[in-house]
Each structure stands twice: as C-alpha cells, then as structure tokens.
Amino acid sequence: MSKEARRAVVAALIELAGSPDFQDRADAGRSLASFAEDPDARRRLLGLVLDTEDTFVTRVTTVALLRRQDAAGLRVVASALAAADSNHADWIHTAVLDVFMVFGRGRDAAVRECEMLIHDPDDHVRDGAAQLIDTLAEIDPVLLPSRDG
C-alpha cells in the first residue's frame with residue numbers, strides 16, 4: 001500500500017474514532033491498531049483506550065493492540081495504563097488476560113517487549129510497561145512452552 005493510501009486510511013479511521021456512536025469508535029480502535037506505528041494513529045488510539053464514554057471501546061481497542069504482540073501495540077497500551085483511572089485500568093487488565101491467558105509463549109514475549117519499554121524516553125510508557133510486566137507475571141497460561149525446546 002502506498003504511503004498516501006495509508007495516510008488516507010488512517011485519516012478516515014481517526015474521523016470514525018470521533019463518532020458519538022460507541023460501535024463506530026470500537027471499530028475505529030480495532031482497525032487503527034493495525035497502524036499503531038503511525039504517530040497520528042497512536043495519538044488517537046491512546047484516546048480510544050481511555051474512551052470517556054464507553055469502556056467497551058477501551059477493551060476492544062486494547063485487545064486489538066495487544067494482539068499485534070509487538071512494541072508498537074504494547075507502547076500504546078502501556079502509555080494508556082499509566083494514565084488510566086481505576087475503571088479503565090481494570091478493563092485494560094481484562095484485555096491483557098483475554099490476549100495472554102492461553103499461550104505462555106505469547107505472554108513471555110510480551111514481558112520481554114515490556115522490559116525493553118521500561119527504557120523508553122516517555123515516562124508514561126515506562127510506568128505503564130512496569131505495570132504490564134506485573135500483570136503479565138500474574139497470568140498462569142493454559143499452554144506453556146515445552147521445556148525440551
């Protein structure tokens with residue numbers, strides 16, 4: 001996809017994210033998560049994770065970001081978690097459980113990514129990454145990696 005097309009998609013999704021309808025905002029969050037490395041998308045994703053009108057938007061956007069299983073998605077979640085009130089923090093933690101409860105390998109990879117984010121220049125990212133590590137450490141996944149290799 002060309003850079004111009006990607007910018008147009010991100011711009012349209014950012015506009016959808018401003019909708020008064022929670023379903024539109026949730027759809028925008030799910031879709032914008034694919035563009036989490038884009039600075040404009042990242043700013044809007046942070047707002048969707050901390051959606052003031054409906055925590056459904058918080059949960060689905062956070063799940064989509066975590067399912068990326070990369071630093072870009074985890075960075076947004078960590079930053080949001082550091083700024084979240086207790087209600088939003090609960091829904092972010094629920095999303096972490098949704099994504100990492102089954103496969104230990106995925107949980108372990110997320111911990112390693114968060115350990116890298118602890119050195120991020122942004123205070124919110126560092127603080128949120130530390131909180132994510134604590135949450136991930138509490139998860140006892142259903143399927144653990146084989147000890148044989």
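Select Phe 22 first: in this predicted model, its relative accessibility is 33%, so Phe 22 counts as partly exposed, falling between the 20% limit for buried and the 50% limit for exposed. Now add Phe 56, which at 36% relative accessibility is also classed as partly exposed. The two ring centres lie 5.9 Å apart and the ring planes stand at 85°, so this is an edge-to-face pair. A search of the whole structure finds 1 aromatic pair. Colour by helix to see what the pair connects: Phe 22 sits in helix H2 and Phe 56 in helix H4, 34 residues apart, so distant parts of the chain are linked.

Next, the nonpolar core. Select Leu 65, Leu 66, Phe 100, Leu 132 and Leu 136; of the 43 residues in the largest nonpolar core, these touch the most other members. Then show helices H1 (3–17), H2 (22–32), H3 (39–49), H4 (55–67), H5 (71–83), H6 (86–100), H7 (104–117) and H8 (123–138), each of which supplies at least two residues of this core. The largest share, 7 residues, comes from H5.

Stay in the core and centre on Leu 66. Which residues does Leu 66 contact, leaving aside its neighbours within four places in sequence? They are Leu 74, Val 77, Ala 95, Val 96, Val 99 and Phe 100.

Move on to the charged side chains. The structure holds 11 salt bridges. Select Glu 37 and Arg 6, whose side chains meet in one of them, at 3.0 Å from N to O. Glu 37 lies in the loop between H2 and H3 and Arg 6 in helix H1; the pair is 31 residues apart and links distant parts of the chain. Glu 37 has a relative accessible area of 39% and is partly exposed; Arg 6, with 32%, is partly exposed too. Extend the selection to Arg 68 and Asp 70: together with Arg 6 and Glu 37, they are linked in a network of salt bridges.

Two further bridges lie within single helices.

- In helix H2, select Asp 27 and Arg 30, 3 residues apart, about one turn of the helix. Their closest N and O atoms are 2.7 Å apart. Asp 27 is partly exposed at 37%, as is Arg 30 at 36%.
- In helix H3, select Arg 43 and Asp 40, again 3 residues apart, about one turn of the helix. Here the N to O distance is 2.3 Å. Arg 43 counts as exposed at 54% relative accessibility, whereas Asp 40, at 43%, counts as partly exposed.

Terms used. Residues are numbered from 1 along each chain as its sequence is written. This is a predicted model: local features need pLDDT of at least 70, side-chain atom pairs count only at pLDDT 80 or more; totals for chains, interfaces and linings use all residues. Side-chain values use heavy atoms; hydrogens and water are left out. A nonpolar core is a set of buried Ala, Val, Leu, Ile, Met, Phe, Trp, Tyr and Cys residues joined through side-chain atoms within 4.5 Å. Buried means under 20% relative accessible area, exposed over 50%, partly exposed in between (1.4 Å probe, protein chains only). Helices (H or I, at least four residues) and strands (E, at least two) are DSSP runs, numbered from the N terminus. Contact means heavy atoms within 4.5 Å. Rings of Phe, Tyr and Trp (its six-membered ring) pair if their centres lie within 6.5 Å; planes under 30 degrees apart count as stacked, over 60 as edge-to-face and the rest as tilted. A salt bridge is a side-chain nitrogen of Lys or Arg within 4 Å of a carboxyl oxygen of Asp or Glu.
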